[in-house]
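Let's take a walk through this one together, from the overall fold down to single side chains. Have the viewer open and follow along.

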Amino acid sequence: VEETSKMSVAAAVRPAYLDAPQGTRDFYPPEMQIRNWLFGQMRESAMRFGFTEYDAPVLEHVELYERKAGEEIKDQMYAFVDKEGDHVTLRPEMTPTLARMVLNKTNLQTGEVR
């Protein structure tokens, strides 16, 4: 009983910043090795079927998501004003970002994607 009591006190004193934020996790080397292998297998399979990779910034303008989901989504996002005064958010999903990227490569007069 005394051992359990000591462990409870130690857990209560442990600073929250020593743990990953809620909803996230750390990948230590053994888990990262498995994750990299799995992602590599998925990447190879997708490429065999003609898919190619893309990536985008982890930050997006809040307005991009408001256009998709409306004002109420702001309460569900990690949004803030950056140093330049822009309202940005951590990208909650990739679909609006992909649409933005395609639109930026599209000739709006012809609809042709470069």
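How many aromatic pairs does a search of the whole structure find? The search finds zero, where a pair would be rings of Phe, Tyr and Trp (its six-membered ring) with centres within 6.5 Å, called stacked if the planes are under 30 degrees apart, edge-to-face if over 60 and tilted for the rest. There is a ring with a charge over it, though: the charged end of Arg35 sits over the ring of Phe27, 4.6 Å from its centre. To count, NZ of Lys or CZ of Arg has to be within 6 Å of the ring centre and within 35 degrees of the ring normal.

Before going further, keep in mind that this is a predicted model, with local features needing pLDDT of at least 70 and side-chain atom pairs counting only at pLDDT 80 or more, while totals for chains, interfaces and linings use all residues. Residues are numbered from 1 along each chain as its sequence is written, and side-chain values use heavy atoms, with hydrogens and water left out.

Now the fold. The chain has four helices and three strands, and along the sequence they come as α-α-β-α-β-β-α. These elements are DSSP runs numbered from the N terminus: helices are H or I with at least four residues, strands are E with at least two. Of the contacts with a separation of 6 or more, 55% are between residues 24 or more positions apart; a contact means heavy atoms within 4.5 Å. Of the 114 residues, 11% count as buried, that is, under 20% relative accessible area, with exposed meaning over 50% and partly exposed in between (1.4 Å probe, protein chains only). The chain exposes about 10000 Å², and carbon and sulfur atoms supply 58% of that area; the areas come from the Shrake-Rupley method with a 1.4 Å probe, and for residues only the protein chains shown count as cover.

For a buried spot, go to Thr89 in strand 3 (residues 87-90). Its relative accessible area is 0%. Beyond its neighbours within four places in sequence, Thr89 is in contact with several residues, including Val58, Leu59, Glu60 and Tyr78. Val58 sits in the loop between helix 2 (29-48) and strand 1 (59-61), and this residue is exposed at 52%. Val58 also belongs to a nonpolar surface patch with Leu59, Tyr78, Phe80 and Leu90, together offering about 500 Å² of accessible area. Patch members have over 30% relative accessible area and no salt bridge; like charges are joined within 9 Å, nonpolar side chains (Val, Leu, Ile, Met, Phe, Trp, Tyr) within 5 Å.

Glu60, another contact of Thr89, brings us to the salt bridges. There are three in the whole structure, each a side-chain nitrogen of Lys or Arg within 4 Å of a carboxyl oxygen of Asp or Glu. Glu60 pairs with Arg100 at 2.8 Å, N to O. That links distant parts of the chain, with Arg100 in helix 4 (residues 95-104) and Glu60 in strand 1, 40 residues apart. Glu60 is buried at 4%, whereas Arg100 is partly exposed at 26%.

Glu53 and Arg43 also meet in a salt bridge, at 2.8 Å from N to O. Glu53 lies in the loop between helix 2 and strand 1 and Arg43 in helix 2, so this pair ties together parts 10 residues apart in sequence. Finally, Asp19 bridges to Arg14, with the closest N and O atoms 3.0 Å apart. Here Asp19 is partly exposed at 43%, and Arg14 is partly exposed at 45%.
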